[in-house]
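User: Hi! Could you walk me through this model with me? I'd like to chat about its pockets, rings and odd backbone spots.

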Amino acid sequence: MHGLADTLDAVAEQAPESHRFLRRGWYAAALQAYGGAARTLVVDVAGVPLAALPLVARGPRWLGLAEIPGCYWPFRSFPVVDGASPAAADALLGALARQVRALRVGPIYDGDPALDWLQARALATGWTLLDRQVADSFLLDIAAEDWPRGSTLRKNRHLEKHLAGAGALAWEWGPPDIDALADIERRSWIADRTDGHDAKFTADGHGAFWEAALHDPVLAGMFSAAVLRIDGRPMAFSFDLITGARCYAIANSYDPAVAKQSPGKLLQYRNLLRAREQGVTLVDWGAGDSGYKQTMGATKGPAIRDWIFVRPGVEALAARLLRGAWRRSGQAAGGQA
């Protein structure tokens with residue numbers, strides 16, 4: 001169908017817990033922020049929807065290329081009811097082949113349930129699949145008995161005492177105030193060392209996406225922002241998307257004026273301890289590690305890849321010739337996005 005189907009919400013509610021944020025509002029926010037006109041392929045059995053795949057065209061129309069809309073954080077996938085049959089995957093692939101020559105899926109984690117479900121039947125029915133490495137993911141088990149270490153908490157209390165010398169500290173949690181988060185980003189290393197396009201909440205970055213996603217009350221309920229204020233001014237933040245026992249750590253930053261006392265790390269520990277109290281057991285930190293993730297106890301998780309599904313026929317034959325070039329355009333194993 002043209003546009004984003006309301007069915008997306010019904011399917012997302014029956015998808016694995018980790019994918020229940022893939023709602024209509026998620027994709028609508030991407031269209032509003034990044035542009036594009038969507039259509040949705042829906043597979044149902046006896047009137048019960050099992051999968052919903054939103055598509056936007058990519059490149060010249062005559063090429064017949066499409067991709068899944070969305071945000072790169074935490075990944076790009078689509079909702080599939082847990083336990084959907086191989087026959088339903090065949091039906092979706094048949095409809096897809098009538099609509100496009102090739103579909104980009106990703107960046108997406110190895111082992112993603114929607115990817116595995118579609119991939120197995122695509123390979124069995126003559127599709128050609130191209131993949132390239134984007135990055136390694138990093139995961140933190142905060143249910144572990146030895147996390148965090150007592151020595152870490154003692155060091156954090158010491159740093160907090162020094163940080164209090166800069167003013168009155170206030171640790172806050174609640175719905176994200178996009179303007180406050182953007183204010184911190186504009187003072188952070190992102191603005192200082194880059195052109196700012198990767199900032200999550202500024203007008204020049206991806207703020208429009210998160211502002212739009214907040215319009216879906218279910219999504220808004222999954223978002224959590226932790227903010228450290230010093231004398232009332234926001235100086236550090238951590239922004240998460242929480243679905244069930246999994247926390248996707250989307251972004252964190254701090255004002256370098258107080259960098260010596262590690263405000264970002266202090267807020268992060270407080271934030272994760274609070275999340276654990278609320279039932280979170282796994283923190284998904286996404287792509288790459290500049291050092292702090294493993295320092296806090298994270299370990300490498302599944303690789304993150306970009307996939308291209310090319311329909312059977314002459315297109316699939318041509319795609320096989322491009323497999324090496326597509327793979328080389330990614331990152332070597334162990335690289336970062």
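Analyst: Happy to; what follows is a tour of a predicted model, one topic at a time.

User: Great, pockets first. How much space lies in the largest pocket?

Analyst: The largest pocket holds about 1,400 Å³ of space. Its lining is made of 49 residues, and those nearest the centre are Asp198, Lys200, Ala287, Tyr292 and Lys293.

User: Which elements give two or more residues to that lining?

Analyst: There are strands and helices on the list: β4 (102–109), β5 (128–141), β9 (246–254), β10 (282–287) and β11 (299–310), along with α7 (189–193), α10 (263–277) and α11 (292–295). The top contributor to the largest pocket's lining is β9, with seven residues.

User: And how do the residues of that lining divide into nonpolar, polar and charged?

Analyst: The lining of the largest pocket has 22 nonpolar, 16 polar and eleven charged residues.

User: OK, what about the second largest pocket: what volume does it have?

Analyst: The second largest pocket comes to about 410 Å³. It is lined by 18 residues, and Leu65, Ala102, Leu130, Ile308 and Val310 are the ones nearest its centre. Two or more lining residues come from each of β3 (65–67), β4, β5, β11 and α12 (314–328).

User: Which element gives the most there?

Analyst: That is α12, with five residues in the lining of the second largest pocket. By class, this lining has twelve nonpolar residues, one polar and five charged.

User: How many cavities of 30 Å³ or more does the structure hold?

Analyst: One. The largest cavity has a volume of about 40 Å³, and its lining consists of Trp173, Ser224, Asp240, Ile242, Asn271, Arg274, Ala275 and Gln278. Both β8 (233–243) and α10 give two or more residues to this lining, with α10 giving the most, three. The cavity's lining splits into three nonpolar, three polar and two charged residues.

User: Switching to cysteines. How many disulfides turn up in a search of the whole structure?

Analyst: Zero.

User: Why does Cys71 have no bond to Cys247?

Analyst: Because the sulfur of Cys71 is 15 Å from the one in Cys247, its closest cysteine sulfur, and that is too far for a bond. Looking from the other side, Cys247 has Cys71 as its closest cysteine sulfur, again at 15 Å.

User: Is Cys71 buried or exposed? And Cys247?

Analyst: Cys71 is buried, at 1% relative accessible area. Cys247 is buried too, with a value of 1%. Each falls under the 20% cut-off for buried.

User: Nice. Now aromatics: how many pairs does the structure hold?

Analyst: It holds 17 aromatic pairs. Take Phe21 and Tyr248: their ring centres are 5.7 Å apart and the planes meet at 70°, so this pair counts as edge-to-face.

User: Where in the chain do those two sit?

Analyst: Phe21 is in the loop between α1 (7–13) and α2 (24–34), whereas Tyr248 belongs to strand β9. They are 227 residues apart, so the pair links distant parts of the chain. Phe21 is buried with a relative accessible area of 0%, and Tyr248 counts as buried at 2%.

User: Which residues form the aromatic cluster?

Analyst: The cluster includes Phe21 and Tyr248 as well as Trp26, Tyr34, Phe75, Tyr109, Phe201, Phe209, Trp210, Phe223, Phe237 and Phe239.

User: Which rings have a charged end sitting over them?

Analyst: Two examples: Arg132 places its charged end over the ring of Trp326, 3.8 Å from the ring centre, and Arg270 does so over Trp171, at 4.2 Å.

User: Last topic, the backbone. Where are the cis peptide bonds?

Analyst: One cis bond joins Trp73 and Pro74, with omega about 0°; Pro74 is in the loop between β3 and α3 (86–99). Another joins Trp147 and Pro148, with omega about -10°, and Pro148 lies in the loop between β5 and α5 (150–163).

User: Which residues have a positive phi without being glycine?

Analyst: Ala46, at about 55°, and Ser262, near 55°, are two of them. Most residues other than glycine have a negative phi. Ala46 is in the loop between β1 (38–45) and β2 (48–57) and is exposed, at 79% relative accessible area. Ser262 is in the loop between β9 and α10 and counts as partly exposed, at 24%.

User: Thanks, that helps!

Key
Residues are numbered from 1 along each chain as its sequence is written. This is a predicted model: local features need pLDDT of at least 70, side-chain atom pairs count only at pLDDT 80 or more; totals for chains, interfaces and linings use all residues. Side-chain values use heavy atoms; hydrogens and water are left out. On a 1 Å grid over the protein atoms alone, a cavity is a set of points where a 1.4 Å probe fits but cannot get out, and a pocket is an open set with protein on both sides within 12 Å along at least five of seven lines; lining residues have an atom within 4 Å of a point. Grid points are joined across faces, edges and corners, and a volume is the space filled by probe spheres set on the points. Helices (H or I, at least four residues) and strands (E, at least two) are DSSP runs, numbered from the N terminus. Ala, Val, Leu, Ile, Met, Phe, Trp, Tyr, Cys and Pro count as nonpolar, Asp, Glu, Lys and Arg as charged, and the others, Gly among them, as polar. A disulfide is a pair of cysteine sulfur atoms within 2.5 Å. Buried means under 20% relative accessible area, exposed over 50%, partly exposed in between (1.4 Å probe, protein chains only). Rings of Phe, Tyr and Trp (its six-membered ring) pair if their centres lie within 6.5 Å; planes under 30 degrees apart count as stacked, over 60 as edge-to-face and the rest as tilted. A charge sits over a ring if NZ of Lys or CZ of Arg is within 6 Å of the ring centre and within 35 degrees of the ring normal.
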